[in-house]
Every structure is written in structure tokens, then in C-alpha cells.
Amino acid sequence: MSILSLQEDRPTPKCVYNYRVYTCAAVAAFCAVMIGYDSAFIGGSIALASFKTEFNWAQYSKAESDLISENIVSCYQAGAFFGAFFAYAAGHYLGRKKGLQVFSSIFILGAGLMLGATGQRGLGLLYAGRTLAGIGVGVASNLTPIYISELAPPAIRGRLVGLYEMGWQIGGVVGFWINYGVSTTMKPSREQWLIPFAIQLIPAGLMFIGLFFIRESPRWLMSRGQRAKALKNLCWIRKLDTNDVYMLEEVSAIDAALEHQHATVGLGFWQPFRALVNDRKVSYRFFLGCSLFFWQNTSGINAINYYSPTVFKSIGITGTNTSLFTTGIFGIVKALVTIIWLFFLIDNLGRRNLLMFGAFGGALCLYYVGAYIKIADPSHHPTANITSGGISAMAFFYLWTIFYTPSWNGTPWVYNSEMFPQNVRTLGQAFAAASNWLFNFLVARFTAQMFTAMGYGVYFFFASLMLCSIAFVFFLLPETKGVPLESMDRLFSKDLKPRNAHKVVMIELREDEEQFRHNVEGSGIGLDKDEMGEKAAHVEESV
């Protein structure tokens, strides 16, 4: 088997990899365009002279301006943190599709409020709008990966959930370049800084409209007792009829998993909370999910996203336009590498290898950048043009982007979307997404002060944490590529070592698949639940 070939858990009809499943995933992934755009545009927009003139920035000291900038950026993350918890109730009662519709409309409301901010009114509407928009994306960042993972065939689940990350990068590219565009083509005015804020409405509106044309998650419908609609949706998504053996096998696995969860934890609203407290297997996976986002945010990515002008100034890039241009190149590099990650790496090399290799290479690059700033001290020894040493530091910065993007940028979202059982998946993703936004908030809130206080030490700090993440992945995370959602309990069972668990589970799945097909072929079994026997598979067993 080629290292770049897809790993299927069982023989899969080619029609399963069809345009419908990609379309559903792409529409849901538009929430990531909203998130990526915000993370990219906000730092450059509040750095524009027109924005500072509008809100009388000259009246503030350096410490006060740092604090206000951090507040503008971080209230979005604070809203997203609480939104991630609202997502559990929305996902449980409304479903994945309706939950996304409701909270994309809340994002649109927040984005509209931001447009009402003026120098006379002050920053209040901006704070309120960014908090509401944050609540909207907090829910969406939770439900989107779950929705995509629940409808994705196992062999391309990483690729489809990866569309979420691709959307993030598309939004990022637009966000980085929109500031450069308004800065170089428009005279300083209210419209100059307002246009980047207004563009947020475009991806949010497209997502809201597109959600009317896609199907609800079949797995969520099954868990809510809507079996007929679930089977109809699943057949439509897979482009298979109800008697196809692939459909029989998938539905039997879902049934077996739901029955096991009903008998052990239960499927009600509060049962997952009880499982979190009482079931060590579940609480352990909650710990892993939240930890992944700790390591992601301490790689330095959001410090760079939100404060890119500050980052490039520390290397020796001077001038607002030059800094914005350099930031735009950073966005393009991330987007191009994400395409490679999406189509060639995430479902082929797997999650573990990407995380470990990316952390090692990224750490070396940040150590180099920090060492250059320590030795050259460009902030105290400015030059008219960037020096050869500065160019080399920029090269290593972009090399860090190449290491980071296909590893820690999107892979934690993929991993969290697939490792939880059905009955705690929404709550698990809620905690993971909330932890992401919490760490995101802390980085956004204190980065400007860190650069002021630590200088080059910021790069050494993030590089050292990237190295520490390698041990976390190696000893604690099993590989999940190609493993069906219903077999994740077996993958995370305590009698399997994380570094060997994937190989063991895939062998067991092939044996189970052969036995299942032998039992059902020619038997006349259909998708009526009463006609289906227990599937002889390792699905959601107690350990």
C-alpha cells in the first residue's frame, strides 16, 4: 500500500465518494471562512491610521493602546468561548443543521452592530458586535466538524473535516489582503477601515443560505429516534439504495453503537455530563481534546494571526503597507500548504505523524527567528532596508508556516470531531472548542504585552512548547485515520498502547467486515431494525 493511498476500513463503492458529501461539508465549512477572515483582518484593520484617527488613538499611552487593542481582539474569543458551550444544547435539541442556521444569523447580527461604531459613539458597538459574532462562531466551530465527521465515509473523513480548515485559510487570505488593498488604494477615511468589517457579512450570508439546501446528519437523527428520515438522508448522501451491503453494514454499526450507549450512558441531555464525571474513558478523551488545543495555541499561531504587524516589526519589517504585504504573503503560504494537507496528507500520513513532524520542524524555525532578533536587535538598530539576516529570519518564518499549517493548524479539529462516542460527541466537541477559544483568548489578550516585555523570548517560549507537544502526541494519541466513528472506543481502550492501537483495530475491523458480509449476503436482510442482527464487531465496547 502506498503511503499516499486512502485506507478504507472495508470495501467501499466509488459512488460513496460523491459530490453530495463534499457539498454538504463545503457549505458547513463556510463558518470557518468567517473565523479565518476575522483572525486575519482585525489586527491589520485596527492598525490602520484611519481607524486610529476615527477613535482618537492619540489620546492613549502605549500601555493604554495595547490594552484597548487586546480588548477589541479578545472579546471575540470570549464570546466564542461561551458560544462553544451553547453549542451543546443547540446540537442536542436543534440538530447540527438548524443549530448552524440559528447561530450564523447571530453572527450576522454581531457583524452588523460593528458597522454602527463611530468616533462619537465610541467603541461600545464594536465590543458588543464582536462578542455576538464570537458567540456565533463559537457554536459554529463546534457543530461544523461534528456534522462533517458524522456524514463522512471513514477513508476521507480527514479530508472532509479538513474543508473546515481550508475555509479558515481562504478567509485568512482575504482578511490579510483586504487590509493591504484598502491601505494602498484608498485615502484614510471611515470607509477605509469599515470595508474590512463589512466583508464579514458575505461568508456568513452564504453559509446561512446554503444550509437550506443540505441534509441533516443521519447519525443525529438516529440518536433522536427519527430513523426513517435518517435512512433517507444517509441513502441520499451515499448515493446507494437501502439494500446495498455497504448501507446494511454502516447502519448496523450505528444501531449497535446507539444500543450500547443507551444501555450504558444513555442518550438524554444530562447523561453525557454524568459520563464525563463517572466514566474515566470519556473524561480521558475530554482531557486529550482540550489538551490538543492548548498545544495548538501555544505554538504561536494566533499571536501571529492577530498581531502580525507587531511580529513582522520585531523582525525588522518597517512601514504599515510593507507589513501588511508581508502578512498577505503569510496568508497565501498557509492556504497553499493547507491544500496539500487536505488532499495528500491528512488521510494518508495520518494525524500522529503530522503533529509530531510539524512540531519538531516548527520549533527549530522559531528558535532561529528568536536567535536572529536576539543577536541583530532590529528594533534598536533599524535600517532603511531589511538586512540579509532579516531576510533569512523571514525565510525561516515562512518555513515555520510550512511546518505548522499541515500539522497543528487543522489536525486538532479533525481529531476532536472523530474521537468521541455519539452520545457525548457534541459535549466533547463543546469542551474542546471552548478550550480552543479560551487559549485563543489568552493569547489574543496578552500577546502585545508579551512582545513588549519578552522581545525575542516570545519566540523561544513558543518553540519550547512545540517540542513538548511531541511527547504528548507520541505517548497519548492513537492514530484515527480510516477508523469508523463507532469503533473509537476500541481504539482508545486502555489495553492498547496508543502508538500500536491503530494497527490492531484495523486488523480487527477487516476480520469483522468479512464475517458480516458472509452473514448477510443472500440472507435478504434489510434496513428494518427488527430484521438486523447484532453485528459482530468491536463497536463501542466497555473496556
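## Exercises on a predicted helical model

Helix α4 (residues 62-94) has 33 residues, and from its first C-alpha to its last it reaches 46 Å, close to the 48 Å expected at 1.5 Å a residue. Helices here are DSSP runs of H or I with at least four residues, numbered from the N terminus, and the expected span is 1.5 Å times one less than the number of residues. The model is predicted, so local features need pLDDT of at least 70 and side-chain atom pairs count only at pLDDT 80 or more, while totals for chains, interfaces and linings use all residues. Residues are numbered from 1 along each chain as its sequence is written, and side-chain values use heavy atoms, with hydrogens and water left out.

### Exercise 1: two helices with a bend

Find where α4 is kinked, and compare the span expected for helix α7 with the distance between its end C-alpha atoms.

Solution. Begin with α4, where a kink of about 30 degrees is centred on serine 74; the bend at a residue is the angle between axes fitted to the seven residues ending there and the seven starting there. Just after α4 comes glycine 95, which takes a positive phi of about 95 degrees. Next take α7 (residues 157-185), whose 29 residues should span 42 Å at 1.5 Å a residue, and this agrees with its end C-alpha atoms, which are 42 Å apart. A bend of about 30 degrees is found in α7 at leucine 163. Finally, consider how α7 is covered: 22 of its 29 residues are buried, where buried means under 20% relative accessible area, exposed means over 50%, and partly exposed lies in between (1.4 Å probe, protein chains only).

### Exercise 2: charged pairs

Which helices hold aspartate 38 and arginine 130, and which hold arginine 190 and glutamate 54?

Solution. Side chains of opposite charge can pair when their charged atoms come close. The rule used here counts a salt bridge when a side-chain nitrogen of Lys or Arg is within 4 Å of a carboxyl oxygen of Asp or Glu, and by this rule the count comes to 16 salt bridges. In one of them, aspartate 38 pairs with arginine 130, with the closest N and O atoms 2.6 Å apart. Aspartate 38 belongs to helix α2 (residues 30-46) and arginine 130 to helix α6 (residues 124-151), so the pair ties together parts that are 92 residues apart in sequence. Aspartate 38 and arginine 130 are both buried.

Turn then to arginine 190 and glutamate 54, whose side chains meet in a salt bridge at 3.9 Å, N to O. This pair links distant parts of the chain, since arginine 190 is in helix α8 (residues 190-198) and glutamate 54 in helix α3 (residues 49-54), 136 residues apart. Arginine 190 is partly exposed, with a relative accessible area of 25%, and glutamate 54 is partly exposed at 23%.

A further salt bridge joins aspartate 255 and arginine 227, with the closest N and O atoms 2.8 Å apart. Aspartate 255 lies in helix α12 (residues 245-264) and arginine 227 in helix α11 (residues 227-238), so parts 28 residues apart in sequence are tied together. Aspartate 255 is buried, with a relative accessible area of 7%. Elsewhere, salt bridges that share partners join Arg157, Asp347, Arg351 and Glu418 into one network.

### Exercise 3: positive phi outside glycine

In which loops do asparagine 56 and lysine 239 lie?

Solution. Most residues other than glycine have a negative phi. Asparagine 56, although not a glycine, has a positive phi of about 50 degrees; asparagine 56 sits in the loop between α3 and α4 and is partly exposed, with a relative accessible area of 44%. Lysine 239 has a positive phi near 60 degrees, and its place is in the loop between α11 and α12. Lysine 239 is partly exposed as well, with a relative accessible area of 39%.

### Exercise 4: residues separated along the chain

Are alanine 204 and methionine 356 buried or exposed?

Solution. Alanine 204, found in helix α9 (residues 201-210), counts as buried at 0% relative accessibility. The C-alpha atoms of alanine 204 and serine 104 are separated by 6.2 Å, with their positions 100 residues apart along the chain. Methionine 356, which lies in helix α18 (residues 351-376), counts as buried at 14% relative accessibility. Its C-alpha atom is separated by 9.1 Å from that of tryptophan 408, 52 residues apart along the chain.

Key: Helix = DSSP H or I, 4+ residues; strand = E, 2+ residues; numbered from the N terminus.
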